[in-house]
Every structure is written in C-alpha cells, then in structure tokens.
Amino acid sequence: MHTTFRFVGVLLVVSACARPNPETQRALGETVYATYCQSCHEAPGTGPRLTPAILASRLNAARLYAYNLQQMPYEAGGVLSNEDYLNVTAWLLYRASLIESNKMLTMRNMDEVSLVAPDPSPTQ
Ligand code: HEC
C-alpha cells in the first residue's frame, strides 16, 4: 500500500516533467515570482503592484515576456533562464485572470495571447 502510493507519486512527478501543462507551468512560475519578484512587487516593496490593468498595458503576452526578460529583476534583467521568464509571465497572467486557465504559454503562442484590460472601475 505504502509502496503503491510512492510509485504513483513518482509517476506523477515523471509525467509532470515529461509533459508540461498549464498547472505545472504556473506552479513553477509562482516559485520564480516568490523568489525573485515578490519582495519588490508586494507591499512594502518599492516596485509597482502588478495589477491586471498594469499587466494588460503591455498589450500581449510576448511584450510582457520581453519586458520581464530585459528589465526584471530591476536593474538585473536577463539573470534568469528563458524558461523561468516564460513561467513567471504565465503565472502573472493567470493570477490576473488575463489568460485562460487551461492555456499553456509558449514561445510560439505568446504573440497571439492578447491582454485585455478589465473594465475600469467607475471611480477611475
Ligand atoms: C529590486 C526590485 C524589483 C524586483 C526584484 C523586481 N522588480 Fe519588477 N519592477 C521594479 C520597479 C522599480 C519597476 C518600475 C520600473 C520602471 O518604471 O522603470 C518594476 C516594473 C515591473 C513591471 C512593469 C510594471 C509597469 O508599471 O508596467 C513588471 C511587469 C515587472 N516589474 C515584473 C517583475 C518580475 C516578473 C520580476 C521577477 C522576475 C520583478 N519584476 C522583479 C522593481 C523590481
């Protein structure tokens, strides 16, 4: 019983590595965010809050990816792997409800992932 459980666990890990999917991409991206971005982008950090409207101002996922890659972490752009930048971009979009939850962000589709800003609130 215990062995079976371990066996299933190993299978899950192996299949997650072999076949990337939106959930694993987001999970990896969330870890990148927590490690390299959150300290500035959440209070009391000095960076701006990454709200849906702010993210959507990049217009599409490819531009947001390029910005992150070239500019972030602040004054240290490019220090992460392309994969990390892709995953963290996917996580930011998912958290902001700017990408369908069943969609995996890839180098090939990022140009077509348009970012549509949420309706402005009446007070803005
Ligand atoms: C040392 C602090 C710091 C870290 C770490 C950092 N940022 Fe930033 N970030 C900033 C600052 C400051 C700005 C505003 C830059 C500007 O306006 O030129 C910014 C801007 C941004 C923007 C654009 C926001 C806008 O107003 O359009 C995005 C997107 C972003 N960061 C994502 C990230 C991601 C993803 C990471 C992690 C890989 C990260 N940042 C790590 C400080 C940081």
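**Entry 1: around the ligand**

I began with the shell around the ligand, and I found eleven nonpolar residues, six polar and no charged. For this I counted Ala, Val, Leu, Ile, Met, Phe, Trp, Tyr, Cys and Pro as nonpolar, Asp, Glu, Lys and Arg as charged, and the others, Gly among them, as polar.

A note to myself: this is a predicted model, where local features need pLDDT of at least 70, side-chain atom pairs count only at pLDDT 80 or more, and totals for chains, interfaces and linings use all residues. Residues are numbered from 1 along each chain as its sequence is written.

Which residues come nearest to the ligand? Of the 17 around the ligand, I noted Cys 37, Cys 40, Gly 47, Pro 73 and Tyr 74; a residue is near if its C-beta atom, placed from the backbone, lies within 6 Å. Helix 3 (38-41) and helix 5 (61-71) are the elements that give two or more residues to this shell. Helix 3 gives the most, with three residues. Helices here are DSSP runs of H or I, at least four residues, numbered from the N terminus.

**Entry 2: helix 5**

Next I looked up the buried residues of helix 5, which are Ala 61, Leu 64, Tyr 65 and Asn 68. They sit on the same side of helix 5, because they cover an arc of only 100° around the axis, taken from the directions from the helix axis to the C-beta atoms. On the other side, Gln 70 and Gln 71 are exposed. A residue is buried with 20 or more other C-beta atoms within 10 Å of its own, and exposed with 12 or fewer. The buried residues of helix 5 pack against helix 4 and helix 6.

**Entry 3: helix 6**

Helix 6 (residues 82-95) reaches 20 Å from its first C-alpha to its last, close to the 20 Å expected, which is 1.5 Å times one less than its number of residues. Is helix 6 mostly covered or mostly open? I found it mostly covered, with ten of its 14 residues buried, including Trp 91 and Tyr 94. The buried ones pack against helix 2 (22-36), helix 4 (52-56) and helix 5.

**Entry 4: after helix 6**

Just after helix 6, I saw that Ser 97 takes a positive phi of about 55°. Leu 98 lies in the segment after helix 6. Why does Leu 98 count as buried? Leu 98 has 20 C-beta neighbours inside 10 Å, so it counts as buried.

Leu 98 and Leu 55 are 43 residues apart in sequence, yet 8.6 Å apart in space, C-alpha to C-alpha. Leu 98 touches Pro 52, Leu 55, Ala 56, Leu 93 and Leu 115, not counting residues up to four places away in sequence; contact means C-beta atoms, placed from the backbone, within 7 Å.

Definitions and conventions: Two residues are in contact if their C-beta atoms, placed from the backbone, lie within 7 Å.
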